[in-house]
Structures are given as C-alpha cells and as structure tokens.
Amino acid sequence: MSEKIYDISLDTISRLADIVNEKELGEITITAGNSSVTVKGKKCPPPVGMPAAVPAAAVLAAPAQTVQTAQTAQTAQSANAVSGNVVKSPIVGTFYAASAPDKPPFVTVGQQVKKGDVIMIIESMKLMNEVQSEFDGTVAEILVKNGEAVEFDQPIMIIK
C-alpha cells in the first residue's frame, strides 16, 4: 500500500503528474473526502472563462485545448503564407488596435510604419502595454481582431 497524503495516495498523485505531462495539460485537480490535490504542468492555465477545477474525465478529453491548438496553428500557417516581417505578441493579454474605443487605430492595413512607432496595445493584468514596431514598412495584414485574447509569441501583424 502506498503512502497517503490525507485521503489521496502518492501513487495517485504520481499518476496524475504523468497524465499532465503526457497530455500537456495546464493542471488537473482531484478531490477525495476533505482533501484536494492540484498538479500543475508546464503549459499556461486554461483560457479565461473555463472553470479552474474540472472533473478529471473532462480534463483528459480536453477538446477545447485541441480546438485552440488548431486555431493557433492555422494562424501561424497564415502568417507563414504571407511574406514579410511577422509582429508577434510579446506577452499574453488582450489586443487593442487603438488607445481608446473612440480613438482611431494606431495602424491600418496599407499604412506605412517606422521602427519605433506604436502599432498596438496589449492589455495584461490591467496594464496597457504599448507595442512598438521593430520594422520599417507597410502593414500588410492584421491577423487578430480588436479586443481578442492573444498568446505569447502569437503572430499579430505582417509588415512588408
């Protein structure tokens, strides 16, 4: 019999850790009696709006994560299909094309930009982070919509 931490055996915790690593999950939580254990993986936590603690069976299925991975891969493919410099999100947050809802966007498709020009804002943890262009050129494509959540290193814009 394996050693227990409260009502959950170390063998069970070890198997949960293996599942988190194999399935590349953000985290998994189980509850037994009055005890609860959360095993966190190397991936980011689930997107905002998903419950933090979900039943183990639902986490193992992870259909939302598969859809998100497919969307990220599709966005990356579309960025690779267009020639030019890819501007990627420097942080996880929310993309904003303008400084305020009633203000014009920083850049539009077809607009010339210079290195150092502010081209977007990424809001993260209630902080508005201005993102400056690293390239001189013309905005060829904006890959995300205003107010859309973005991941670290996600392609946002193409500058030719």
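These are my notes on two neighbouring residues of strand 8 and on the nonpolar cores of a predicted model.

**Entry on S124**

I began with S124, which is found in strand 8, the run covering residues 118–124. I then asked whether S124 is buried or exposed. With a relative accessible area of 18%, S124 counts as buried, because the cut-off for that word is under 20%. Leaving out neighbours within four places in sequence, I found S124 in contact with I91, V92, G93 and N129. For V92 I could be more specific, since the side chain of S124 reaches the backbone oxygen of V92 at 3.1 Å. I also looked up T94, which is 30 residues away from S124 along the chain, and noted a separation of 6.7 Å between the two C-alpha atoms.

**Entry on E123**

I moved next to E123, which lies in strand 8 as well. Which side chain of opposite charge is nearest to E123, and how far away is it? I found that it is K126, at 5.2 Å, and that E123, although buried, has no salt bridge. What I did find for the side chain of E123 is a polar contact with the side chain of Y96, at 3.2 Å. Y96 is also among the residues in contact with E123 once neighbours within four places in sequence are set aside, the others being V92, G93, T94 and M128.

**Entry on the cores**

I then turned to the largest nonpolar core, which has 15 residues, and noted that F95, I119, M120, I156 and M157 touch the most other members. Strand 8 and strand 12 (155–159) are the elements that give two or more residues to this core. Taking M157 from that group, I listed what it touches beyond four places in sequence: N85, V86, V87, V107, I119, M120, V139, E141, I142 and L143. Apart from this core I recorded another, of nine residues, with L16, L25, I28 and I30 among them. As background I noted that in soluble globular proteins nonpolar side chains tend to be buried together.

Key
Residues are numbered from 1 along each chain as its sequence is written. This is a predicted model: local features need pLDDT of at least 70, side-chain atom pairs count only at pLDDT 80 or more; totals for chains, interfaces and linings use all residues. Side-chain values use heavy atoms; hydrogens and water are left out. Helices (H or I, at least four residues) and strands (E, at least two) are DSSP runs, numbered from the N terminus. Buried means under 20% relative accessible area, exposed over 50%, partly exposed in between (1.4 Å probe, protein chains only). Contact means heavy atoms within 4.5 Å. Lys and Arg count as positive and Asp and Glu as negative; His and the chain ends are not counted. A salt bridge is a side-chain nitrogen of Lys or Arg within 4 Å of a carboxyl oxygen of Asp or Glu. A polar contact is a pair of N or O atoms within 3.5 Å; within protein, one must be able to donate a hydrogen and the other to accept it, and residues adjacent in sequence count only if both atoms are side-chain atoms. A nonpolar core is a set of buried Ala, Val, Leu, Ile, Met, Phe, Trp, Tyr and Cys residues joined through side-chain atoms within 4.5 Å.
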